[in-house]
Structure formats: structure tokens, C-alpha cells
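Subject: Structure handover

Hi,

Here is the structure I promised to pass on. Please have it open while you read the notes below it.

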Amino acid sequence: MGLDGLALQLLNGPLVAGRLSAAAGAYARLTDAELVERLWLAAFARLPKDAEKQKALGHLKRKAGDRADAVRDLVFAVLNTREFLLQH
């Protein structure tokens, strides 16, 4: 798979969609703060910076009516950061 194929897979491939749904389930029982910290540790091997944490918590709060969707959005955003892509 070339770089173009990899980019498309990251944006809308079935593997990523399945993992995002699994992540929403795995993080379902955590508080928002616990979720953000564990996600950052899993993705970046570090805790979130204060600004990152506040932005992530704000997103989860704004979409509190559909937490699973909010978690999928957050995980998708983290997976598509330059920091994540360069580490994995």
C-alpha cells in the first residue's frame, strides 16, 4: 500500500472505523478526565498538556448527548495528529 492508500485508510477505512467503535466501548465506563488521560497515554506515551486536556474535555462536554460519538471523534482526531503518525 502506497502513501496515498495509507492516507485514505486512515481517513475512512473499515479498519479505522471498527477500531473507533471499539474505543468508544472501551472508554465507556471512564470519566471524561480519565478517558482523556488514558487516550493520551495510549497514543503518545505521555499525559495531555493542560490546553490539550481542556480542549478534549470541552469536546466531550459539548457532545455529552452522544458520548460514544464524541469518543469516536476524539480518538479519530488523536489518531490523525502528526505526533501520533510520526510515532507509530
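What follows is a short tour of the core, one helix and some salt bridges.

A word on the ground rules: this is a predicted model, in which local features need pLDDT of at least 70 and side-chain atom pairs count only at pLDDT 80 or more, while totals for chains, interfaces and linings use all residues. Residues are numbered from 1 along each chain as its sequence is written, and side-chain values use heavy atoms, with hydrogens and water left out.

Let's start inside. The largest nonpolar core (buried Ala, Val, Leu, Ile, Met, Phe, Trp, Tyr and Cys residues joined through side-chain atoms within 4.5 Å) has 19 residues, of which Tyr27, Leu35, Val36, Trp40 and Leu74 touch the most other members. Buried here means under 20% relative accessible area, exposed over 50%, and partly exposed in between, with a 1.4 Å probe and protein chains only. Helices α2 (14-26), α3 (32-44), α4 (50-62) and α5 (67-79) each supply at least two residues of this core, and α3 gives the most, with six. Helices are DSSP runs of H or I with at least four residues, numbered from the N terminus. Beyond its neighbours within four places in sequence, Leu74 is in contact (heavy atoms within 4.5 Å) with Leu35, Val36, Leu39, Trp40, Ala56, His59 and Leu60.

Now for α3 itself. Its buried residues are Leu35, Val36, Leu39, Trp40, Ala43 and Phe44. Seen down the helix axis, they fall within an arc of 125° (taken from the directions from the axis to the C-beta atoms), so they line one face of α3. That fits the general pattern: an α-helix has 3.6 residues a turn, so residues three or four places apart point the same way. The buried residues of α3 pack against α4, α5 and α6 (82-87). After α3 comes Ala45, whose phi is positive, near 60°.

You may like Lys53, in helix α4: at 19% relative accessibility, this lysine counts as buried.

Finally, the charges. There are seven salt bridges, each a side-chain nitrogen of Lys or Arg within 4 Å of a carboxyl oxygen of Asp or Glu. Arg46 pairs with Glu52 (2.9 Å, N to O) and with Glu83 (2.8 Å, N to O). Arg46 lies in the loop between α3 and α4 and Glu83 in α6, so this pair ties together parts that are 37 residues apart in sequence. Elsewhere, Lys63, Asp69, Arg72 and Asp73 are linked in a salt-bridge network.

Best wishes
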